[in-house]
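Reader: I should like a close look at a single part of this model, namely its pocket and the residues that line it. Please then set that part against the remaining features that deserve comment.

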Amino acid sequence: MTRFPKKHNPFKRERLIGLGLDMASTHGHYINGKWVQASTRKTFPSINPATEKAIGRFALGNENDVEKAVRAAENAFHAWSHTPAPKRAEVLYAAARIMEEKKEWLARRMTEEMGKVLREARGDVQEAIDITYYMAGEGRRMFSYTAPSELKNKTGYAMRRPIGIVGIITPWNFPLAIPAWKIMPALVGGNTIVFKPSSDTPRCAGDLVNVLSEAGLPSGVLNLVTGPANTAGQRIVQHPRIRALSFTGSKETGEWITRNAGVKRVGLELGGKNGILVMDDADLELAVEGILWGAFGTTGQRCTAASRVLVHEGIEKELTEMLIKKVEKLKLGNGLKEETDVGPLINKRALEKVHEYAEIGKKEGKLLCGGNKVEGKGSFFEPTVFTRVKPHARIAQEEIFGPVLCILHVKDLGQGIQVMNGIDYGLSSSIYTSNLYNAMKAIEEIEAGITYVNSSTIGAEIHYPFGGIKGTGNGTREAGWTGIEEFTEIKTVYIDYSGKLQKAQGIK
Ligand code: NAP
């Protein structure tokens, strides 16, 4: 999609041929409504993690490109923020319809770029469509509130206003859905945007930008800068004229942002170490299905992935045997093949990291299956399960972000909740039980932004708030009607029609 008409293509044909790429595979930044070359004139590749082939080259952005994008966003702000919100929403409705038409095409390109199996890629695109329709609806809601004044002939209300230029920095694991969760509320809220996607998924980002451009988004409202974290990314974080930053990624990056963003509104959605508590009164078939989906869906690369199972000691043996039988049947392979259950990890770095954790796990627990890299092309790691893991073991505490699950046993509900809470993160959680008391206690006591009952830790729906507590974030809730809060600020209005000076708090 991010194709240049021949005469505008800023890349030299000879150079591209030298890299084994054609014009259509080379992509620029999108600034002020045009695809443009990076200031550095350099590009970087995006690699298919299943085949290790480059799917294209992308502009290697730096501080200068961010500056150009900020200027474009600044120039576009007045007109966009003064466009009535229901009119802004029309662009979103059109974008959602375009994504519906192109769903299969977008999904296949996503699987090629980041590896998730095709049926999950379709889900990712669907999530982007759903949030786009939902946020388009905000164009005619954007609720705030009014309340009676304490004085006669006086009224007041709070209204939502755009913030200004918003920086959006996203990871690779939901390459359409996460950008859409942020971009759509930011747009309908009247902001203009500088968007830096993960360097592992720049093509998906370009696809989303093209959808919005085709939907009629005016030039300069959404600007895409691709390229490294330490130049383009850090400049967005630190830029004084970017008034708000919405970030999803690792806890380490979130901590850096907290120290460096200066005075701007910052929304952080960070990592997780999510647990499933299985009680001795649970439907075990159901629990096993949920554990499989939570631990190995998206190759364990979801912020809400289940990486710990806390099982009641009375059913540990039975549950573990049932689980391992199913894990051993999971098919690892290229996500484009319909029969594949588990795709590759995002890149070789991730493969090495997961391998290191598996080696640590072999010392901290008992390996029940998997534990190895798969030889040959692609970043494949076997679905891996450890048991007899202690709550404070590293593999039970740290986010591995791969197909690695550890089983811990607990003696009762109280200990289960205690172990569930004994981590730095607080994103998702789940309990399998047939006992209402157990379910309600878990809902009350578990320290997490999300608790599922008799369902896995993954599967958020876009019309409910999404976010975590503790090390997972700083309180932002994306999606649902709370999703608009991150991208609007509140102005309070007082209207006194008494014709005299009235003083609040009873002052005479
Ligand atoms: P990451 O390394 O933190 O990178 C995320 C994004 O931030 C990328 O675009 C990256 O750019 C950029 N970046 C990194 N350091 C930066 C800096 N100092 N300043 C500005 N930008 C910077 O995370 P990831 O590996 O892509 O994503 C996986 C993590 O995301 C996991 O921890 C996962 O749990 C978390 N996640 C959380 C949620 C949630 O909603 N809570 C959802 C999905 C994922 P480059 O790609 O160029 O390095």
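Author: Helices and strands are here DSSP runs, numbered from the N terminus, a helix having at least four residues and a strand at least two. The model is a predicted one, and the account begins with the pocket.

The largest pocket holds about 1200 Å³ of space. Its lining comprises 46 residues, and those nearest the centre are Trp172, Gly249, Ser250, Thr253 and Arg349. Five elements each supply at least two lining residues: the strands β4 (43-47) and β11 (244-248), and the helices α8 (229-238), α9 (251-260) and α12 (348-364). Of the elements, α9 gives the most, with five residues. Two of the central residues can be placed by number, since Thr253 falls within the range of α9 and Arg349 within that of α12. In chemical character the lining divides into 21 nonpolar, 14 polar and 11 charged residues.

The enclosed spaces offer a second view of the interior. Rolling a probe the size of a water molecule over the atoms shows where empty space is left. There are three cavities of 30 Å³ or more in the structure, and the largest of them has a volume of about 90 Å³. Fifteen residues line the largest cavity, with Gly300, Ala305, Ser307, Ile400 and Phe401 nearest its centre. The cavity lining consists of seven nonpolar, five polar and three charged residues.

From the pocket one may follow helix α12 to a contact between charged side chains. Lys348 and Glu52 meet in a salt bridge, with N and O 3.0 Å apart. Lys348 belongs to helix α12, whereas Glu52 sits in the loop between β4 and β5 (54-59), so this pair ties together parts that are 296 residues apart in sequence. Both α12 and β4 are among the elements that supply the lining of the largest pocket. How buried or exposed are the two partners? Lys348 has a relative accessible area of 36% and is therefore partly exposed; Glu52, at 33%, is likewise partly exposed.

The model contains 26 salt bridges in total. Two further ones lie inside single helices. In the first, Glu90 pairs with Lys87, their closest N and O atoms being 3.5 Å apart. These two residues are separated by about one helical turn because they stand three residues apart in helix α3 (residues 85-101). Glu90 has 41% relative accessibility and counts as partly exposed, and Lys87, with 47%, is also partly exposed.

In the second, Lys441 pairs with Glu444, and the closest N and O atoms are 3.1 Å apart. Lys441 is partly exposed at 24% relative accessible area, while Glu444 is exposed at 53%. Both partners lie in helix α15 (residues 436-445), three residues apart, or about one turn of the helix. Salt bridges with shared partners also join Glu67, Glu74, Arg235 and Arg241 into one network. By its number, Arg235 of this network falls within α8, one of the elements that supply the pocket lining.

The surface also carries a nonpolar patch. Tyr157, Met159, Ile495 and Tyr497 form it, and together they have about 380 Å² of accessible area. Tyr157 lies in strand β7 (residues 154-162). With 35% relative accessibility, Tyr157 counts as partly exposed, and patch membership requires over 30% relative accessible area.

Two residues merit attention for their backbone angles. Ala479, which is not a glycine, has a positive phi near 65°, and it is located in the loop between β21 (469-470) and β22 (488-496). Gln505, also not a glycine, has a positive phi of about 60° and is found in the segment after β22. Which of the words buried and exposed applies to each? Ala479 is buried, at 2% relative accessibility, whereas Gln505 is exposed, at 66% relative accessible area.

Notes: Residues are numbered from 1 along each chain as its sequence is written. This is a predicted model: local features need pLDDT of at least 70, side-chain atom pairs count only at pLDDT 80 or more; totals for chains, interfaces and linings use all residues. Side-chain values use heavy atoms; hydrogens and water are left out. Patches are made of residues with over 30% relative accessible area and no salt bridge: like charges are joined within 9 Å, nonpolar side chains (Val, Leu, Ile, Met, Phe, Trp, Tyr) within 5 Å. Accessible areas come from the Shrake-Rupley method with a 1.4 Å probe; for residues, only the protein chains shown count as cover. A salt bridge is a side-chain nitrogen of Lys or Arg within 4 Å of a carboxyl oxygen of Asp or Glu. Buried means under 20% relative accessible area, exposed over 50%, partly exposed in between (1.4 Å probe, protein chains only). On a 1 Å grid over the protein atoms alone, a cavity is a set of points where a 1.4 Å probe fits but cannot get out, and a pocket is an open set with protein on both sides within 12 Å along at least five of seven lines; lining residues have an atom within 4 Å of a point. Grid points are joined across faces, edges and corners, and a volume is the space filled by probe spheres set on the points. Ala, Val, Leu, Ile, Met, Phe, Trp, Tyr, Cys and Pro count as nonpolar, Asp, Glu, Lys and Arg as charged, and the others, Gly among them, as polar.
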